[in-house]
Amino acid sequence: MSLPVLRSRRLVLRPLEAGDAEAIARLGGQDFEIARWMTSFAWPYEEGAAEQLIARQEKINPLKDPAVFAITLGGVFIGLIAIDPPGDLTEAAECPTLGYWLGRPFQGFGYTTEAAQRVLGWAFETHRCAAVAARVYEENAASRAVLRRLGFLPTAVTERFARPLNRKVRNIVVRLDRASFEDRRLPA
């Protein structure tokens with residue numbers, strides 16, 4: 001099963017392509033203000049990390065591997081959004097997990113919420129799950145606001161080691177039930 005191309009009002013979410021590597025590195029991996037919010041990003045950026053991410057995506061099974069979509073606006077790469085298969089979060093082991101980042105020049109325009117709405121619909125259909133989970137740094141007010149707008153509710157608190165910060169960070173685990181998603185769902 002390959003990843004589909006998903007469309008929303010302003011965005012196209014598509015499988016990663018080799019040409020995305022430079023933008024992934026520049027907008028995400030090499031920008032500490034983005035990397036600092038990610039537990040998995042290395043800091044400083046490791047050359048070739050974006051290419052490795054793209055290579056891993058070429059042969060994934062979205063039911064067993066992280067499904068990573070490029071978020072594009074008018075054909076321009078602006079960030080990533082992913083659905084990890086169930087099991088990523090101990091606190092919500094039965095749920096697929098949402099994760100995302102957007103390059104700083106593209107923040108504040110509602111693109112993250114729009115992309116998440118579209119990929120959540122795909123996740124509920126593909127995983128046939130009762131809920132999707134996410135985790136967010138307790139101090140990441142912007143991302144917490146996005147998750148609240150989407151209807152996610154807090155269910156637990158955990159700690160994860162953040163490589164860019166070189167320390168453990170408190171994370172809030174949130175959950176979005178299918179019924180709540182359907183009640184809030186915006187037209188594609």
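This is a short tour of a predicted model, stop by stop, with something to select at each one.

**Stop 1: helix α1 against helix α3**

Start by selecting residues 21-29, which make up helix α1, and show α3 (49-57) alongside. The axes of these two helices are 8 Å apart, and the packing angle is about 125°. That angle makes α1 oblique to α3. If you turn the view to judge the handedness, you are looking at a right-handed crossing.

Now show the side chains at the contact. From α1, pick Ala-21, Ile-24 and Ala-25; they meet Ala-50, Glu-51, Leu-53 and Ile-54 of α3. Colour this contact by residue type and you will find six nonpolar residues, no polar ones and one charged.

**Stop 2: aromatic rings**

Next, bring up the aromatic side chains. How many aromatic pairs does a search of the whole structure find? The count is seven. Zoom in on Phe-32 and Trp-43: their ring centres are 5.1 Å apart and the planes stand at 65°, so this pair is edge-to-face. Phe-32 belongs to helix α2 (residues 32-35), while Trp-43 sits in the loop between α2 and α3, so the pair ties together parts eleven residues apart in sequence.

Are these two rings' residues buried, partly exposed or exposed? Phe-32 counts as partly exposed because its relative accessibility is 28%, and Trp-43, at 33%, also counts as partly exposed.

While the aromatics are on display, select Phe-41, Phe-77 and Trp-101 as well, which form one aromatic cluster.

**Stop 3: His-127 in helix α4**

Move on to His-127, a residue of helix α4. Its relative accessibility is 14%, so His-127 counts as buried; the cut-off for that is under 20%. What is His-127 in contact with, leaving aside neighbours within four places in sequence? Select Pro-62, Leu-63, Ile-83, Pro-85, Pro-86 and Pro-96 to see these partners.

**Stop 4: helix α4 against helix α5**

Keep α4 (111-127) on screen and add α5, residues 141-150. The two axes come within 10 Å of each other and cross at roughly 50°. An angle like that is neither under 35 degrees nor in the 65 to 115 range, and α4 and α5 are therefore oblique to each other. Their crossing is right-handed.

To see the contact itself, show Thr-112, Thr-113, Ala-116, Gln-117 and Leu-120 on the α4 side, then Val-146, Arg-149 and Leu-150 on the α5 side. By type, the residues here divide into four nonpolar, three polar and one charged.

**Stop 5: what surrounds helix α5**

Stay with α5 and highlight Ser-143, Ala-145, Val-146, Leu-147 and Leu-150, which are buried. As you look down the helix, keep the usual geometry in mind: an α-helix has 3.6 residues a turn, so residues three or four places apart point the same way.

Which elements cover the buried residues of α5? The cover includes the strands β5 (97-102), β6 (131-137) and β8 (167-177), together with helices α4 and α6 (178-184). Just after α5 comes Gly-151, and its phi is positive, near 100°.

**Stop 6: Ser-180 in helix α6**

Finish with Ser-180, which has its place in helix α6. With a relative accessible area of 24%, Ser-180 is partly exposed. Draw a C-alpha to C-alpha distance from Ser-180 to Ala-131: the two are 9.2 Å apart in space, and 49 residues apart in sequence.

Note on methods. Residues are numbered from 1 along each chain as its sequence is written. This is a predicted model: local features need pLDDT of at least 70, side-chain atom pairs count only at pLDDT 80 or more; totals for chains, interfaces and linings use all residues. Side-chain values use heavy atoms; hydrogens and water are left out. Buried means under 20% relative accessible area, exposed over 50%, partly exposed in between (1.4 Å probe, protein chains only). Helices (H or I, at least four residues) and strands (E, at least two) are DSSP runs, numbered from the N terminus. Contact means heavy atoms within 4.5 Å. Axes are lines fitted to C-alpha atoms, for helices over the stretch in contact, and angles run from 0 to 180 degrees between N-to-C directions. Angles under 35 degrees count as roughly parallel, over 145 as roughly antiparallel, 65 to 115 as roughly perpendicular and the rest as oblique. A crossing is left-handed if the near helix is turned anticlockwise from the far one by less than a right angle, and right-handed if clockwise. Ala, Val, Leu, Ile, Met, Phe, Trp, Tyr, Cys and Pro count as nonpolar, Asp, Glu, Lys and Arg as charged, and the others, Gly among them, as polar. Rings of Phe, Tyr and Trp (its six-membered ring) pair if their centres lie within 6.5 Å; planes under 30 degrees apart count as stacked, over 60 as edge-to-face and the rest as tilted.
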